[in-house]
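User: Could you take a close look at one part of this model for me? I'd like to see how a single helix residue sits against the sheet next door.

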Amino acid sequence: MNRSELVGAVSERAEVARKDADAVLAAFADVVGEVVAKGDEKVTIPGFLTFERTLRAARTARNPQTGDPIQIPAGYSAKVSAGSKLKDAAKGV
């Protein structure tokens, strides 16, 4: 499902205009992005998803072409965890 299909499904389910559903989806993405960028808290939708920022440690890797070791610096990443209701839906329960 792409964004357009998601907007259409949300607008039908919530019985709102596609324009309004698209605005809500865009606002949700902005808010989650801002909270994750700050990194001091996580966004949780109970039973569905949790979004948070995590720190990846510095590490040594290998160049696949030459085999030479390279240093990868520490950095931040986004982590998305599925909640229990989403896991059950994936299992077909």
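Analyst: Here's a walk from one residue out to the sheet around it. Keep in mind that this is a predicted model.

Let's start with Val-36, which you'll find in helix H2, the stretch covering residues 18-38. Val-36 has a relative accessible area of 14%, and it counts as buried because that is under the 20% cut-off. Who are its neighbours? Leaving aside residues up to four places away in sequence, Val-36 touches Phe-51, Glu-52, Arg-53 and Ala-78. As for Val-80, it is 44 residues away from Val-36 along the sequence, yet the C-alpha to C-alpha distance between the two is 10 Å.

Now for the sheet. It's an open one, built from 3 strands in the order E1-E2-E5, with antiparallel pairing. Strand E1 (43-45) and strand E5 (75-82) take the edges; each has a single partner strand, so one side of each has no neighbour in the sheet. On average, neighbouring strands here are turned by 30° against each other, ignoring direction.

Zoom in on the E2–E5 pair: strand E2 spans residues 49-56 and is joined to E5 by 8 bridges, the two running antiparallel. Within that pairing, Leu-49 sits opposite Ala-82 of E5.

Back to the helix, then. H2 packs on this sheet and touches E1, E2 and E5. The direction of H2 makes about 35° with that of E2. Val-36 is part of this helix, and its contacts include Phe-51 and Ala-78.

Technical notes:
Residues numbered from 1 in each chain as written. Predicted model: local features only at pLDDT ≥ 70, side-chain atom pairs only at ≥ 80, totals over all residues. Heavy atoms only, no water. Helix = DSSP H or I, 4+ residues; strand = E, 2+ residues; numbered from the N terminus. Buried < 20%, exposed > 50% of the residue type's maximum accessible area, 1.4 Å probe, protein only. Contact = heavy atoms within 4.5 Å. Pairing = 2+ DSSP bridges. Axes fitted to C-alpha atoms, helices over the stretch in contact; angles between N-to-C directions.
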